[in-house]
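Reader: I would like to learn how to read a model of this kind feature by feature, beginning with single residues and ending with pockets. Could we take the general idea and then the case at hand each time?

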Amino acid sequence: IQKVHISDKGRYGRAEIFAEDENLPFLGAIAPMKELLRAGLQAVADNPKITKSFATNVVDVKKQDDKYSLIVENNNTQQEIHAKLVLACDGANSSMRKMLNVSATTNDYNQDAVVFDMKSDIEHDNTAFERFMSDGVLAMLPKSNNTMGCVWTVDRSQSKAKLDLDSSGFEALLQERFGYRLGGLKLASKPAVFPLYLVQSD
């Protein structure tokens, strides 16, 4: 990302942030998950101290003094693993956290993220956009092949109406909200919705 363009629908002012002005090669980057996974696996491929296991589930975990005992299952076969440190990276509804009886506090923002990709008639030139509107905030991040990854944050009461629109209706609404800085806008993926809430372990 070489530039961030911030605007408020219905107002003339805007803010622009340039990587060059900040003496940075770029302000950020969008990396597809498959590329991150490929790079991560390549980095550990030749390390004999790292064992990779796919399609593996942790079915039980217990803390014993200063160590952890995990029962993992792969292809209907279980084995026990002992470790001094366990990193549980299994999301907001972490089953690992629940198995260890770690309580958590949830703060529901009562908002949803409507997520989709779209293509534009005009080149995005590695520019990210943030558009403040009466019905939410639209973030558009530049990807390859002149595609933008979009996150439209809206009140939960409004998300279903947007998802119920057909492609042409959704595109028309998006065009009206964003304008024509990038020319015509066309969906490149089906919109999906994700509830927004904060989960903090106690």
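Reader: Is Ser159 buried or exposed?

Author: Bear in mind throughout that this is a predicted model. Ser159 has a relative accessible area of 6%, and because the cut-off for a buried residue is under 20%, Ser159 counts as buried. The residue belongs to helix H3, which covers residues 156–163.

Reader: Which residues does Ser159 touch, leaving out those up to four places away in sequence?

Author: With those sequence neighbours set aside, Ser159 touches Asp112, Val114, Val154 and Val193. A polar atom of the Ser159 side chain also lies 3.1 Å from the backbone oxygen of Arg156.

Reader: Which strand does E6 join through 10 bridges, and in which sense do the two run?

Author: Strand E6, residues 104–120, is joined by 10 bridges to E11, and the two run antiparallel. To place one pair in the register, take Val115, whose bridge partner in E11 is Ala192. E6 also pairs with strand E9, residues 147–155, in the antiparallel sense over nine bridges, and there Val114 stands opposite Trp152. Strand E10, residues 185–187, is joined to E6 by three bridges, again with an antiparallel run, and Met118 stands opposite Leu187 in E10.

Reader: Where does Asp121 lie, and which residues does it touch beyond those up to four places away in sequence?

Author: Asp121 lies in the loop between E6 and strand E7, the latter spanning 127–133. Its relative accessibility is 62%, so Asp121 counts as exposed. Even so placed, Asp121 touches Asn146, Leu182, Gly183 and Gly184 when residues up to four places away are not counted. For Gly184, the C-alpha atom is separated from that of Asp121 by 5.3 Å, although the two residues are 63 apart along the chain.

Reader: What should I look for in the backbone angle phi?

Author: Most residues other than glycine have a negative phi, and a positive value is therefore a feature to note. In this model Asn76 has a phi near 65°; Asn76 sits in the loop between E4 and E5 and is exposed, with a relative accessible area of 75%. Asn101 has a positive phi as well, near 60°; Asn101 lies in the loop between H2 and E6 and is exposed at a relative accessible area of 71%.

Reader: How is empty space in a model found, and how much of it lies in the largest pocket?

Author: Rolling a probe the size of a water molecule over the atoms shows where empty space is left. In this case the largest pocket holds about 750 Å³ of space. Its lining has 22 residues, and Thr51, Val58, Leu70, Val72 and Ile81 are those nearest the centre. The elements that contribute two or more residues to this lining are strand E3 (57–64), strand E4 (67–74) and strand E5 (77–83), with E5 giving the most, five residues. By class, the lining of the largest pocket divides into 11 nonpolar, eight polar and three charged residues.

Reader: Which residues lie closest to the centre of the second largest pocket?

Author: The second largest pocket contains about 190 Å³ of space. Of the 13 residues lining the second largest pocket, Ala88, Ser94, Arg97, Leu100 and Ser201 are closest to its centre. Helix H2 (95–99) and strand E11 (192–201) each supply at least two residues of that lining, which comprises eight nonpolar, three polar and two charged residues.

Notes
Residues numbered from 1 in each chain as written. Predicted model: local features only at pLDDT ≥ 70, side-chain atom pairs only at ≥ 80, totals over all residues. Heavy atoms only, no water. 1 Å grid on protein atoms, 1.4 Å probe; cavity = no way out; pocket = protein on both sides within 12 Å on 5 of 7 lines; lining within 4 Å. Points joined across faces, edges and corners; volume = space filled by probe spheres on them. Nonpolar A, V, L, I, M, F, W, Y, C, P; charged D, E, K, R; others polar. Pairing = 2+ DSSP bridges. Buried < 20%, exposed > 50% of the residue type's maximum accessible area, 1.4 Å probe, protein only. Polar contact = N/O pair within 3.5 Å; in protein donor to acceptor, adjacent residues only side chain to side chain. Contact = heavy atoms within 4.5 Å.
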